[in-house]
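Please examine the structure shown here, and then follow the explanation below. It considers charged side chains and then turns to a pocket.

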Amino acid sequence: MSSALRQSDGPRETGRGRVEGPPGVLRALAVFAAVRLVGVALVLVVDACAGRPFGKSLAHAWDSVWYLHIAEHGYGTTLRISSSGAVQTDWAFFPLYPALIRAVSGLLHVSGGQAGLLIAWGSAVLAAYGIYAIGHHLYGGTVATALVALWAVLPQSVVLTLAYTEPLFTACAAWSLYAVLQRRWLAAGSLALLAGLARPNGIAAAVAVAATAVHEVVRRRARVSPALLTGTLIGPLGWAGYVLWVGTRTGDLFHGYLHVQSAWDSRLDLAAGPLRFLESMPWQGTVTYPVAMIVVVAGILSFCLLCLDRAPLPLVVFAGVLLLLVVAVSGPSSCKPRFLLPAFPLLIPPARALARGWRPGPSSRARLLCGGLTTVFLLYGAYLATLAGQAP
């Protein structure tokens, strides 16, 4: 695969001093923006029909409330008692997103909810750009456009239009992986550090950087340059720094964050977690659980195809770590598709298949199938964000 990589596919400077992206990126971003704007419109319509305040489901629902509270009041200022009696604290939420909300809110003199949406929407566009850059770098413009389009229409992609952390994490991770493919180790490590400050599963980006660096040194017998070593070492600092900080606040340096997460029913449970997931499904009475199972199973199958296709190591490691965390860590089953949303490399096999089957003409089967699935997934996303009664 390395012989097929084209080093000139990324953003580059023209003779007039302007920076241009890879060819076709504007078209892909236009497709992404159009799909997600329709998703926003559907959420607003459902909110209006339900008599909710304008934009409530976008900026003031579920995890968004916690992030906005942290941005305004800091950590350690709120807790909740779950139905099982567990004490859930705001230390479970990583700091990059609320810090940015606080900064943007003060700089632009907007509300916390508005700042949260600006950051999420801007990050989603940056993430889509990074995903396109990786796809174009490896497989060309057609596959890259299909990759971005699939990421935009996933059932759980409604999260990209909410005040959530997945867009921010994906943006940092995508550009970190792109930097790894370009062997720009300092940029890769710095972006992995930011990804680790964005979400608990942000450590996946640092693992991908480290695994690629080790492969570069051992298998290719490359020299350990200062940039490679520094990028590898700084990658996990964001994630590890916050986890250890929570440990100092709880009085248990190495296990404090795990105890905090366990109150949210999130713990390493490889043996029993998947069985509980399957066991609970028939009794839930909601469509979110079978959809969650379908998404997770599809992710596992796609990961196998990604490995068989010999995709670049950083993409395989990144997607594999995220998938492992979804399978091995217990937690609300309805949230598992959202946890897989940043694992965009899993979409490479279907994107390549879609690119091969795409034919010109409005009546082609691929176009009709994509149009139908896009409609269904957008409607499901609006339901998930507004009516499901469970955190997306």
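Six salt bridges are present in this predicted model. Side chains of opposite charge can pair when their charged atoms come close. One such pair consists of Asp-63 and Arg-338, whose side chains meet with a distance of 3.5 Å from N to O. Asp-63 belongs to helix H3 (residues 63-73) and Arg-338 to helix H16 (residues 336-340), so this salt bridge ties together parts that lie 275 residues apart in sequence.

How accessible are the two partners? Because a residue counts as buried when its relative accessible area is under 20%, Asp-63, with a value of 15%, is buried. Arg-338 has a relative accessible area of 4% and is therefore buried as well.

Arg-338 also takes part in a salt bridge with Glu-166, in which the closest N and O atoms are 3.0 Å apart. Here the link runs between helix H7, which holds Glu-166, and helix H16, which holds Arg-338; the two residues are 172 residues apart. The relative accessibility of Glu-166 is 0%, so this residue counts as buried.

Glu-166 forms a salt bridge with Arg-199 too, and in that pair the closest N and O atoms are separated by 3.2 Å. Whereas Glu-166 lies in helix H7 (residues 166-181), Arg-199 is found in the loop between helix H8 (185-198) and helix H9 (203-218), and the pair links parts of the chain 33 residues apart. Arg-199, like Glu-166, is buried.

Which residues are joined when salt bridges share partners? Asp-63, Glu-166, Arg-199 and Arg-338 form one network in this way. Within this network, Glu-166 pairs with Arg-199 and with Arg-338, while Arg-338 pairs with Asp-63.

The explanation now turns from paired charges to empty space. Rolling a probe the size of a water molecule over the atoms shows where empty space is left. The second largest pocket of the model has a volume of about 1,100 Å³. Its lining is made up of 35 residues, and those nearest the centre of the pocket are Ala-146, Ala-149, Leu-150, Val-153 and Leu-354. Two or more lining residues come from each of helix H1 (25-49), helix H6 (141-153), helix H14 (288-308), helix H17 (348-357) and helix H18 (365-386). Helix H6 provides the largest share of the lining, with eight residues.

What is the character of this lining by class? It contains 28 nonpolar residues, six polar residues and one charged residue.

Conventions
Residues are numbered from 1 along each chain as its sequence is written. This is a predicted model: local features need pLDDT of at least 70, side-chain atom pairs count only at pLDDT 80 or more; totals for chains, interfaces and linings use all residues. Side-chain values use heavy atoms; hydrogens and water are left out. On a 1 Å grid over the protein atoms alone, a cavity is a set of points where a 1.4 Å probe fits but cannot get out, and a pocket is an open set with protein on both sides within 12 Å along at least five of seven lines; lining residues have an atom within 4 Å of a point. Grid points are joined across faces, edges and corners, and a volume is the space filled by probe spheres set on the points. Helices (H or I, at least four residues) and strands (E, at least two) are DSSP runs, numbered from the N terminus. Ala, Val, Leu, Ile, Met, Phe, Trp, Tyr, Cys and Pro count as nonpolar, Asp, Glu, Lys and Arg as charged, and the others, Gly among them, as polar. A salt bridge is a side-chain nitrogen of Lys or Arg within 4 Å of a carboxyl oxygen of Asp or Glu. Buried means under 20% relative accessible area, exposed over 50%, partly exposed in between (1.4 Å probe, protein chains only).
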